[in-house]
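Student: Could you take me through the nonpolar core of this model, and give me the cut-offs behind each term as you go?

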Amino acid sequence: MTKLAYFVVALECPTCGTRADPHDNGTQTAILDYRPCPPFDPRIELGREIPDLEPFAIEDAYIMLHAPADGEAVHILETWSCRPCNAAKRPYSFWAEVVFEGRRFASMAPRPLTLALLDRCHFACQSLVLEVIHPLLGVEVLTKYTLESGDMDPGFIPLLAPYLPPE
Ligand SMILES: [Zn+2]
């Protein structure tokens, strides 16, 4: 079984204000999975440079919404969760924007899901499909904008205007 890597960041919950344990923030990413040989360190600490992180590793791990330009910082829509909110049965799954500058994990910040955030992100985790596109726009729209590669044509983003704030 693959052990997923996670982002080591003390994210602050927008609902209850708790600062998540950076090692228990519900994040997970498959960007290190392509590496053929152990040792496998699942902790992606803020500022960590991943020397052999190739662009295809991010492309494989996420759904591409639009390709980053050469040398541009890569923005990824991710999710994380808050334990106290989970325990209290409040909504506990949140969105966040992860930024890689080259091979360096530059930042991760909680963000409300907005049209501007979707426009800005080059990649997104599967939750975008499962929690947003499918339930809000339906399977026909999902099928129409899913490319053969499994990536998404970003043409679906304006269709979310009735459901998401612009920014
Ligand atoms: Zn919380």
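Tutor: Happy to; here is the core, followed by the helix and the loops that go with the picture. This is a predicted model, in which local features need pLDDT of at least 70 and side-chain atom pairs count only at pLDDT 80 or more, while totals for chains, interfaces and linings use all residues. Residues are numbered from 1 along each chain as its sequence is written.

The protein chain has four helices and seven strands, in the sequence order β-β-α-β-β-α-β-β-α-β-α. Here helices (H or I, at least four residues) and strands (E, at least two) are DSSP runs, numbered from the N terminus. Buried residues make up 25% of the 167 residues; a residue is buried if 20 or more other C-beta atoms lie within 10 Å of its own, exposed if 12 or fewer, and partly exposed in between, with C-beta atoms placed from the backbone.

Now to the core itself. A nonpolar core is a set of buried Ala, Val, Leu, Ile, Met, Phe, Trp, Tyr and Cys residues joined through C-beta atoms within 7 Å. The largest one holds 37 residues, and those touching the most other members are Tyr-62, Ile-63, Leu-77, Cys-121, Phe-123 and Ala-124. At least two residues of this core come from each of strand S3 (63-64), strand S4 (74-81), S5, S6, helix H3 (115-120), strand S7 (123-124) and H4. S5 gives the largest share, five residues.

Ala-124 makes a good close-up: leaving out residues up to four places away in sequence, Ala-124 touches Tyr-62, Ile-63, Leu-65 and Leu-77. Contact means that the C-beta atoms of two residues, placed from the backbone, lie within 7 Å. Across the protein chain, 64% of the contacts with a separation of 6 or more are between residues 24 or more positions apart.

H4, one of the contributors to the core, is worth a look too. Helix H4 (residues 127-145) spans only 16 Å between its end C-alpha atoms, whereas a straight helix of 19 residues would span 27 Å; that expected span is 1.5 Å times one less than the number of residues. H4 has a kink of about 125°, centred on Gly-138, where the bend is the angle between axes fitted to the seven residues ending there and the seven starting there.

Finally, two loop residues for contrast. Gly-102, in the loop between strand S5 (93-101) and strand S6 (104-110), is exposed, with 11 other C-beta atoms within 10 Å. Ile-50, in the loop between strand S2 (43-45) and helix H1 (55-61), is partly exposed, with 18 such atoms.
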